[in-house]
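Biologist: I am new to this structure. Could we go through it in questions and answers?

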Amino acid sequence: MKAYSLGLYEKSMPSDLTWREKLQEAKDAGYDYLELSIDATEEKIKRLDMTREERLDLINAMYETGMPIRTMCVSALTKYSLGNDKPEYCERGMEILEKSIQLADDLGIRVVMIPGYDVYYEPSTIETKKRYLVNLKKGAQMAECAGVILGLETMENEFMNTVEKAMKYVVLCDSNYLKVYPDIGNLTNAAVMYQSDVLEDMELGRGNITSLHLKETVPGKFREIPYGMGHVDFEAAIVKAWDLGVRRYVTEFWYTGDKNWRKDLKSAIYMMSGILDKQAAGEKKTS
C-alpha cells in the first residue's frame, strides 16, 4: 500500500465527459482517487437523486477503471447555506447535506467536504452563526449514523478562513465525525491578510485534519491560478501536513477550456507527488 493517496478534483476535466471517462482520465494521469463535486447548479444537485441502478452503474465504473471516488465537495451549501435567514434556502441546504451523506455512504466516499460558510451572499449575523451551528450539529449526527466524515473547508471569507476558526466549530459540535479539510490556498491568503504563520495555523488542527486541498492562489484571488503562478509554498505545507498525520491530498484546479487539459492533470500530479514521495521516503528511512 502507498504511504499516501493523491486525488483529483473532478472540475479539472471537461464537464461533458461521462463518469467512466473522468475516472479513466484520472487513472491514466496516475491519480489514486477522484473528488466528486456537488455545486449549486441544478445539474450537479440532481446527482443526489441518482437511482439505485445509477449508483450501481457508477460503482461498477469505479471497479472496472480501478479509480474510486473517495471524497465529495458539496459547494452547493454556499448558495443553500446552513445559516441562511431564508427558511427555504436553509431547508434545502439541510436536504442537500443529508442526501450527500447518503450518496457518500452508497458509493464508499469517506469524506464529505462542506464549505465553512454560515452565509455567503447575505450578511453574516449572530443569528446566521447560531443557525449554522445548530444545523452543523444536526449534520454531524447524520454523519455519525452513516459512518461518513464531514470535513469543514477553510474558505475565503472572514467566517472560516483559517484552521483555528474551523476548529472552533469542531469543538462546539464535539463529534468524531466532524473534522477539518483545509484548503492551503485559502489558508495562505488568510495568513497574508492577517500577517500570521500558515504552518502555525495548521498545527491547531492536529488530530483533526482529514485531508488537504492543494490549490494555488495569489493575495485576493482564490481560484483558477495555475500552479507555480501564485504564492503558495506547497512543499512547506505538505511537510507540515505530513507531520500532522495527513496522508490524503487533492489537487484542486479547474478546466477552463484549454485543449491541453490532460497535460495539466499530469503536470499537477508530477509536481505534488514529487513532494509527497520525499516525505514517504523519509518516513520509510526512519521506520
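**Salt bridges and a loop glycine**

Modeller: Lys-99 is partly exposed, with a relative accessible area of 26%. Please keep in mind that this is a predicted model.

Biologist: Which side chain does Lys-99 meet in a salt bridge?

Modeller: Lys-99 lies in helix H4, and its partner lies in that helix too, 4 residues apart, about one turn of the helix. The N to O distance of the pair is 3.2 Å. The partner is Glu-95.

Biologist: Is Glu-95 buried or exposed, or partly exposed?

Modeller: Buried would need under 20% relative accessible area, and exposed over 50%. Glu-95 has a relative accessible area of 37%, so the residue counts as partly exposed.

Biologist: What comes after helix H4 (87–107), in the loop before strand E4 (111–115)?

Modeller: One residue found in that loop is a glycine. Leaving aside neighbours within four places in sequence, this glycine is in contact with Ile-69 and Arg-70. The residue is Gly-108.

Biologist: How far apart in space are Gly-108 and Arg-70, C-alpha to C-alpha?

Modeller: In sequence, Gly-108 and Arg-70 are 38 residues apart. The two are also in contact. Their C-alpha to C-alpha distance is 6.6 Å.

Biologist: Why can side chains of opposite charge pair?

Modeller: They can pair when their charged atoms come close. In this structure, the side chains of Lys-278 and Glu-235 meet in a salt bridge. Their N to O distance is 2.8 Å.

Biologist: Which helices hold Lys-278 and Glu-235?

Modeller: The pair that meets at 2.8 Å, N to O, is Lys-278 and Glu-235. These residues are 43 residues apart in sequence, so the pair ties together separate parts: Lys-278 lies in helix H10 (residues 261–286) and Glu-235 in helix H9 (residues 234–243).

Biologist: What is the relative accessibility of Lys-278?

Modeller: Its partner Glu-235 is partly exposed, with a relative accessible area of 35%. Lys-278 also counts as partly exposed, and its relative accessibility is 49%.

Biologist: With which residue does Arg-223 form a salt bridge?

Modeller: Arg-223 is partly exposed at a relative accessible area of 45%, and the partner is partly exposed at 48%. The closest N and O atoms are 4.0 Å apart, and the partner is Glu-224.

Biologist: Which residues are linked with Glu-203 in a network of salt bridges?

Modeller: The structure holds 19 salt bridges. In the network, Glu-203 is linked with Arg-206, Lys-240 and Asp-243.

How values were computed
Residues numbered from 1 in each chain as written. Predicted model: local features only at pLDDT ≥ 70, side-chain atom pairs only at ≥ 80, totals over all residues. Heavy atoms only, no water. Helix = DSSP H or I, 4+ residues; strand = E, 2+ residues; numbered from the N terminus. Contact = heavy atoms within 4.5 Å. Buried < 20%, exposed > 50% of the residue type's maximum accessible area, 1.4 Å probe, protein only.
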